[in-house]
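Colleague: Could you take a close look at one loop of this model and follow, step by step, what surrounds it? A connected account would suit me better than a list.

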Amino acid sequence: MTKTPGSAAPCPDVADMIHSFHWSTLSALHPEQQSRVFSVRAAPPELVVTCDPCVAQTEKLDQPKPSGLSCGSQPDEESLCSDSGFGGSPAFSLGLRKLSDCSSVGLSPTSSFEEYEEEFSEGRNAEKNKTMVNWSPFVVPLQKRSPWVQVVGHAGNFQTSCDGKLLKKYCVYEQQCLQRLMSDILRPFVPGYHGMTQRDGQDYNLMDDLLSYFDTPCIMDCKMGSRTYLEEELKKARKRPQPRKDMYEKMVAVDPMAPTPEENVQQAVLKTRYMQWRETLSSTATLGFRIEGIKKSDGTCNTNFKRTKCKEEVMQALKDFVDSDVPLLRNYQQRLKELRLVLEKSEFFRTHEVVGSSLLFVHDRSGRAGVWMIDFGKTMPVPPPLTLDHRSPWVEGNREDGYLWGLDNFIDILTDLISGQRE
């Protein structure tokens with residue numbers, strides 16, 4: 001049954017999740033020892049990959065898999081080498097390969113609805129950490145942008161390099177989050193971060209290319225939480241309201257009856273009004289997450305999820321994403337359960353308002369599957385001693401974002417899909 005914000009409770013099946021990790025002794029460890037276990041498992045592997053049109057490198061069959069990769073080759077076993085990607089059967093070790101046209105340059109930097117044309121942090125690059133080490137001692141050749149960027153993200157926000165890294169347009173808030181996440185138990189669930197670099201005068205955050213270990217992957221971006229705007233944005237909009245013609249046009253394109261008479265006269269709407277309206281159309285309001293876009297292995301893209309609102313519609317979209325493959329559904333379910341368990345223990349998560357962040361789902365024809373948290377440009381620390389449970393309904397001032405409420409519902413939907421496919 002789909003949960004509602006008011007009725008959700010903390011994860012009830014912790015024992016089942018721990019058992020499914022294939023390291024059942026963890027529950028017997030002292031919390032400090034558990035933290036060390038997560039830290040060891042979170043060691044970031046070195047990603048070395050070539051991208052079009054670079055020359056493919058020699059295969060190394062013992063190359064470690066990226067953090068978060070799940071191998072689903074055996075339908076009756078769940079996530080044999082999930083979570084950090086270390087361990088599991090060596091038969092599933094992935095060799096280096098030539099990267100397909102779908103690079104993780106396609107990670108969506110913001111919503112596919114393009115409501116963040118002026119990223120919350122844009123214009124504030126002066127606040128960036130000037131002492132940050134430039135990890136790129138030479139200028140690496142950048143590749144052509146993936147079509148995925150053109151469909152979902154903002155063109156120009158991403159570049160790829162031949163050393164298997166992703167360059168994402170610099171955002172000071174994302175940099176701060178990634179730096180903190182590298183020492184948090186959530187580290188296996190986020191891209192490895194390698195500092196700041198420059199290209200032609202533009203600053204970039206340098207991180208791992210999450211698609212480098214997949215062969216012609218299928219990709220899905222899901223925006224998590226019950227809202228995608230910050231409380232600070234609401235306050236700012238009230239102080240200096242700036243009606244937007246472009247957002248009015250987007251509103252009318254989706255629903256001509258949505259604008260008020262006053263907005264029709266002005267032919268403009270406030271950004272916060274547009275964002276709040278938009279979220280009533282999608283499953284953000286009803287389930288605590290929404291699908292932003294899906295790219296299949298054949299190159300076809302679908303971002304037509306603006307009005308995908310009810311549970312049944314979301315279930316059909318997820319079913320299409322995995323082509324009704326039950327082992328893949330099971331792998332994703334297992335991965336999300338692992339993520340939920342770690343989120344409930346994470347100091348970073350407890351003390352941050354996670355808004356506009358996505359979960360990136362990736363799998364390929366071999367059954368490999370991975371899920372990572374991405375996009376932290378609007379993730380903000382809450383003032384101490386305030387902490388968040390990420391399930392309580394949002395009331396302005398409490399900073400709750402509904403992230404775990406959405407994750408609970410996502411896991412329940414996958415569970416229902418798996419049960420339905422077995423019948």
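**The loop before helix α5 and its surroundings**

Modeller: T228 is found in the loop between β6 and α5. The model is a predicted one, and every value below is computed from it. With a relative accessible area of 1%, T228 is buried, because buried means under 20%. Its spatial relation to M275 is a useful starting point: 47 residues separate T228 from M275 in sequence, yet their C-alpha atoms are 7.5 Å apart in space.

M275 leads to helix α8, where it is one of the buried residues. This helix, residues 271-281, is mostly covered, with eight of its eleven residues buried. The buried residues are K271, T272, Y274, M275, W277, R278, E279 and L281, so named charged residues such as K271, R278 and E279 count as buried here as well. Among the elements that cover the buried residues of α8 are α5, α6 (245-254), α9 (283-287) and β7 (289-295).

Of these, α5 (residues 231-239) deserves a closer description. Two packed helices are described by the angle between their axes and the distance between the axes. For α5 and α8, the axes come within 9 Å and cross at roughly 135 degrees. The pair is therefore oblique, since an angle over 145 degrees would be needed for roughly antiparallel. On the α5 side the contact is made by E233, L234 and A237; on the α8 side by K271, T272, M275 and Q276. By residue class, this contact divides into three nonpolar, two polar and two charged. An α-helix has 3.6 residues a turn, so residues three or four places apart point the same way. In this light one may read the contact residues of α5, which include E233 and A237, and those of α8, which include K271 and M275. M275 thus appears both in the contact with α5 and as the spatial partner of T228.

The loop between β6 and α5 also leads to the aromatic pairs, of which the structure holds eight. One of them joins F214 and W372: the ring centres are 6.2 Å apart and the planes stand at 90 degrees, so the pair is edge-to-face. F214 lies in the loop between β5 and β6 (218-224), whereas W372 belongs to strand β11 (residues 368-374); the pair therefore ties together parts that are 158 residues apart in sequence. Both F214 and W372 are buried.

A further pair starts from the loop under discussion. Y229 and W394 form an edge-to-face aromatic pair, with 5.8 Å from centre to centre and 80 degrees between the planes. Y229 lies in the loop between β6 and α5, and W394 in the loop between β12 (379-381) and α13 (403-422), so this pair ties together parts that are 165 residues apart in sequence. The two partners differ in burial: Y229 counts as buried at 5% relative accessibility, whereas W394, with a relative accessible area of 25%, is partly exposed.

The loop that holds W394 lies between β12 and α13, and helix α13 is the place of W405. At 3% relative accessibility, W405 counts as buried. W405 and L287 are 118 residues apart in sequence, but 7.6 Å apart in space, C-alpha to C-alpha. Helix α9 spans 283-287 and is among the elements covering the buried residues of α8, which returns the account to that helix. Separately, F289, F321, Y332, F361 and F410 form one aromatic cluster.

For the wider setting, strand β5, which precedes the loop holding F214, belongs to an open sheet of four strands with the order β2-β3-β5-β4 and antiparallel pairing. Its edge strands are β2 and β4 (193-199), each pairing on one side only. Neighbouring strands of the sheet are turned by 30 degrees against each other on average, direction ignored. Helix α4 (residues 172-181) packs on this sheet and touches β3, β4 and β5; the direction of α4 makes about 150 degrees with that of β4.

Within the sheet, β3 (residues 165-169) is mostly covered, four of its five residues being buried. Three bridges join β3 to the antiparallel strand β2 (residues 158-160), and five join β3 to β5 (residues 202-208), also antiparallel. K168 of β3 illustrates both pairings: F158 stands opposite K168, and in β5 the bridge partner of K168 is N205. The hairpin of β2 and β3 has four residues between the strands, and in it G164 takes a positive phi near 80 degrees.

How values were computed
Residues numbered from 1 in each chain as written. Predicted model: local features only at pLDDT ≥ 70, side-chain atom pairs only at ≥ 80, totals over all residues. Heavy atoms only, no water. Axes fitted to C-alpha atoms, helices over the stretch in contact; angles between N-to-C directions. Helix = DSSP H or I, 4+ residues; strand = E, 2+ residues; numbered from the N terminus. Parallel < 35°, antiparallel > 145°, perpendicular 65-115°, else oblique. Contact = heavy atoms within 4.5 Å. Buried < 20%, exposed > 50% of the residue type's maximum accessible area, 1.4 Å probe, protein only. Pairing = 2+ DSSP bridges. Phe/Tyr/Trp six-rings, centres within 6.5 Å; stacked < 30°, edge-to-face > 60°.
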